[in-house]
Amino acid sequence: MAIEPVLVVGSVGLDKIHVPDGTFDSVVGGSATFASVAAGQFAPVRLVGIVGQDFPDSAVHTLLQRGVDLTGLEVAAGKTFHWEGRYSDDLSSRESLVTDLNTFADFHPRIPDRFTETPYVMLGNIAPELQLEVLDQVRSPKLVVADTMNFWIDIALADLKRVLARTDILVLNEEEARMLSGQHNVVKAAKDLQAMGPQRVVVKQGEYGALLFDGDDVFSAPALPLGDVKDPTGAGDSFAGGLIGFLASRDRIDPEALRQAVVFGSVMASYCVEAVGPEHLAQVNEAMVSERYGAFRSLVDFHRD
Ligand code: AMP
């Protein structure tokens with residue numbers, strides 16, 4: 001069984017996060033950061049993104065220690081992408097307060113030559129125009145997974161639809177699925193999204209888990225009921241990273257592997273939300289993954305003969 005590498009493209013940022021426990025400033029974040037750290041648990045990762053000169057060495061160290069190849073991480077003059085968000089008291093919703101693109105504003109992803117044939121491609125949440133630029137540079141990937149968010153659905157819908165036409169698995173949350181499809185019912189929304197290109201759509205439902213629509217098949221995975229949730233930032237990216245990392249590690253994209261990948265994505269998301277920033281997630285190891293995978297199994301096990 002060959003473990004295939006994963007190319008991750010997305011934002012690498014410094015966040016300011018307001019959660020019930022307090023306000024945390026200059027926290028390392030970004031869609032590519034969380035997705036890479038999660039995928040790195042399962043497969044070699046090649047990250048493509050951009051940061052400014054203010055990006056801390058300690059974060060570079062965390063990524064390198066996770067085995068993430070940073071050849072494609074550009075360091076440019078100026079400041080790193082910055083996002084600020086405030087969560088509701090029950091952590092179930094959030095408001096974006098600030099999105100400063102900074103070095104991202106003039107960014108055009110350049111996939112290093114030796115990475116253009118990477119078989120597993122994760123288009124993390126960034127401008128759809130940049131996701132298209134990535135797709136124009138990679139050569140016949142086996143699997144393209146794309147993530148997006150309301151911000152881009154609002155301002156870049158036409159480009160996003162072009163991305164969808166070239167995507168195999170779309171990962172988005174329930175509210176975004178409704179926004180993008182114009183359908184309130186999640187089943188109808190998923191069907192409409194599948195008709196836009198991706199054969200598989202994963203609808204994340206936050207603390208309630210995720211639904212995988214694979215052709216006509218539907219799979220539901222719960223989220224683990226956790227006693228201590230600190231910060232949901234990056235949960236979606238960790239989910240997507242865990243999902244594609246697992247598929248790459250098995251080099252399989254069949255229905256059974258997809259169902260398992262949704263659970264491994266949920267495992268990584270469950271570790272992500274237990275702390276602020278990606279360091280805790282970066283400490284996850286095989287034993288921790290197995291333990292939580294087992295917890296998922298017993299959570300849904302009700303059939304006794
Ligand atoms: P998630 O909680 O999985 O949706 O991802 C949160 C991460 O996405 C944060 O660490 C932010 O830095 C990053 N982020 C927020 N807004 C954007 C945006 N418009 N484009 C790219 N990344 C973003």
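Where in the chain is the place of Thr-118? In this predicted model, Thr-118 sits in the loop that runs between the strands β7 (94-100) and β8 (120-123). Although it belongs to a loop, Thr-118 has a relative accessible area of 0% and is therefore counted as buried, the limit for that class being under 20%. Its side chain takes part in a polar contact of 2.9 Å with the side chain of Arg-46, and a polar atom of the Thr-118 side chain also lies 2.5 Å from the backbone oxygen of Phe-115. When neighbours within four places in sequence are left aside, the residues in contact with Thr-118 are Pro-5, Val-6, Leu-7, Arg-46 and Pro-141, so that Arg-46 appears both as a polar partner and in this list of contacts.

From this loop the reader may turn to the ligand. It is surrounded by 18 residues, of which Ser-11, Asp-15, Gly-30, Gly-234 and Asp-237 are the closest. By residue class, this shell divides into eight nonpolar, seven polar and three charged members. Three elements, namely β6 (81-87), α4 (150-155) and α8 (235-250), each contribute at least two residues to the shell, and α8 gives the most, with three.

Several side chains place polar atoms beside the ligand. An N or O atom in the side chain of Asp-237 is 2.7 Å from an oxygen atom of the ligand, and for the side chain of Arg-94 the corresponding distance to a ligand oxygen is 2.8 Å. In the case of Trp-152, a polar side-chain atom lies 3.4 Å from a nitrogen atom of the ligand. Taken alone, the ligand would expose 510 Å², and the protein buries 94% of that area.

The nonpolar interior comes next. In soluble globular proteins, nonpolar side chains tend to be buried together. Here the largest nonpolar core holds 60 residues, and those that touch the most other members are Ile-169, Leu-243, Leu-247 and Leu-281. Helix α9 (residues 255-272) supplies the largest share of this core, eleven residues. Leu-243 illustrates how such a residue is surrounded: not counting residues up to four places away in sequence, Leu-243 touches Val-145, Ile-169, Val-202, Ala-261, Val-262 and Gly-265. A second core, separate from the one just described, has 30 residues, and Phe-81, Leu-91, Phe-107 and Ala-146 are among them.

Helix α9 also contains Val-267, which is classed as buried because its relative accessible area is 0%. Apart from residues up to four places away in sequence, Val-267 touches Val-289, Arg-292, Tyr-293 and Phe-296. By contrast with these contacts, Val-163, which is 104 residues from Val-267 along the chain, has its C-alpha atom 27 Å from that of Val-267.

Leu-91, already named as a member of the second core, lies in the loop between β6 and β7. Its phi is positive, at about 65 degrees, although Leu-91 is not a glycine. With a relative accessible area of 16%, Leu-91 falls under the 20% limit and therefore counts as buried.

A positive phi is also found in Asp-251, another residue other than glycine, where the value is near 50 degrees. Asp-251 belongs to the loop between α8 and α9, and its relative accessible area of 25% makes it partly exposed.

Ile-253 is likewise placed in the loop between α8 and α9, and with a relative accessible area of 24% Ile-253 is partly exposed. Leaving aside neighbours within four places in sequence, Ile-253 is in contact with Tyr-120, Lys-142, Leu-143, Arg-200, Leu-247 and Leu-258. Of these, Leu-247 was named above among the residues that touch the most other members of the largest core. Lys-142 is 111 residues from Ile-253 in sequence, while the two C-alpha atoms are 8.9 Å apart in space.

Is Gly-206 buried or exposed? Its relative accessible area is 57%, and because the limit for the exposed class is over 50%, Gly-206 counts as exposed. Gly-206 is found in the loop between β11 (200-204) and β12 (210-214). Between Gly-206 and Glu-174 there are 8.5 Å from C-alpha to C-alpha, and the two residues are 32 residues apart in sequence.

Technical notes:
Residues are numbered from 1 along each chain as its sequence is written. This is a predicted model: local features need pLDDT of at least 70, side-chain atom pairs count only at pLDDT 80 or more; totals for chains, interfaces and linings use all residues. Side-chain values use heavy atoms; hydrogens and water are left out. A residue is near a molecule or strand if one of its heavy atoms lies within 4 Å of it. A polar contact is a pair of N or O atoms within 3.5 Å; within protein, one must be able to donate a hydrogen and the other to accept it, and residues adjacent in sequence count only if both atoms are side-chain atoms. Accessible areas come from the Shrake-Rupley method with a 1.4 Å probe; for residues, only the protein chains shown count as cover. Helices (H or I, at least four residues) and strands (E, at least two) are DSSP runs, numbered from the N terminus. Ala, Val, Leu, Ile, Met, Phe, Trp, Tyr, Cys and Pro count as nonpolar, Asp, Glu, Lys and Arg as charged, and the others, Gly among them, as polar. A nonpolar core is a set of buried Ala, Val, Leu, Ile, Met, Phe, Trp, Tyr and Cys residues joined through side-chain atoms within 4.5 Å. Buried means under 20% relative accessible area, exposed over 50%, partly exposed in between (1.4 Å probe, protein chains only). Contact means heavy atoms within 4.5 Å.
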